[in-house]
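I opened this model to look up how its helices and strands are arranged. My entries follow.

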Amino acid sequence: MKTRPFHVFLFDDVEVEPQTLNVLKAGREIEIEPKAFKVLLFLIENQGRLIEKSELLDAVWQDTHVTENALTREIAQLRRLLGDDPKAPRYIQTVHRRGFRFIGPV
């Protein structure tokens, strides 16, 4: 039986493990809500590309209608957990009125 490769996204002192839904910072697991994890993973998988708010909402919330406030809340949570400053971002860049871009080296 062939085993599947286990992918981990690494940037700075952060590890994102899609298969286990874990995020480690400096080797310690951090608690992250499922929607925030999905937002982070989608941004990382599309690193460097501007993700329009509507695309992110469709990808994460799928057929559930939510406002942009839900997305804003998840982005704020991610920034807090990762230690990212919206005024001087290292990971998640806001493109005013359009969306977000993951700018950290992965």
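Entry 1, the helix contact. The model is a predicted one. I began with the residues shared between two helices. On the H1 side I found Lys35, Ala36, Val39, Leu40 and Leu43, and these meet Leu71, Glu74, Ile75, Gln77, Leu78 and Leu82 of H3. By class, the residues of this contact divide into 8 nonpolar, 1 polar and 2 charged.

I then looked up the geometry of the pair. The axes of H1 and H3 come within 9 Å and cross at roughly 80 degrees. Angles from 65 to 115 degrees count as roughly perpendicular, so I logged H1 and H3 as roughly perpendicular to each other.

Entry 2, H1 alone. H1 covers residues 34-45, and I checked its length. At 1.5 Å a residue its 12 residues should span 16 Å, and the end C-alpha atoms are 16 Å apart, which agrees. I listed its buried residues as Ala36, Phe37, Val39, Leu40, Leu41, Phe42, Leu43 and Ile44.

Entry 3, H3 alone. I ran the length check on H3 too. Its 15 residues should span 21 Å at 1.5 Å a residue, and the end C-alpha atoms are 21 Å apart, which agrees. The buried residues here are Leu71, Glu74, Ile75, Gln77, Leu78, Arg79 and Leu82. An α-helix has 3.6 residues a turn, so residues three or four places apart point the same way. Just after H3, I noted that Gly83 takes a positive phi of about 75 degrees.

Entry 4, the sheet. In what order do the 3 strands of the open sheet stand? I read the order as E5-E7-E6, with antiparallel pairing. Strand E5 (51-52) and E6 are at the edges with a single partner strand each, so one side of each has no neighbour in the sheet. H3 (residues 68-82) packs on this sheet and touches E6 and E7. The direction of H3 makes about 145 degrees with that of E6.

Entry 5, the strand pairs. E5 and E7 run antiparallel and are joined by 2 bridges. In that pair I found Ile51 opposite Phe100 in E7. E6 (residues 92-95) and E7 (residues 99-102) also pair in the antiparallel sense, over 4 bridges. Val95 stands opposite Gly99 in E7.

Entry 6, the turn. How many residues lie between E6 and E7 in their hairpin? I found 3 residues between them, and Arg97 in the turn has a positive phi of about 65 degrees.

Conventions. Residues numbered from 1 in each chain as written. Predicted model: local features only at pLDDT ≥ 70, side-chain atom pairs only at ≥ 80, totals over all residues. Heavy atoms only, no water. Pairing = 2+ DSSP bridges. Contact = heavy atoms within 4.5 Å. Axes fitted to C-alpha atoms, helices over the stretch in contact; angles between N-to-C directions. Expected span 1.5 Å × (residues − 1). Buried < 20%, exposed > 50% of the residue type's maximum accessible area, 1.4 Å probe, protein only. Parallel < 35°, antiparallel > 145°, perpendicular 65-115°, else oblique. Nonpolar A, V, L, I, M, F, W, Y, C, P; charged D, E, K, R; others polar.
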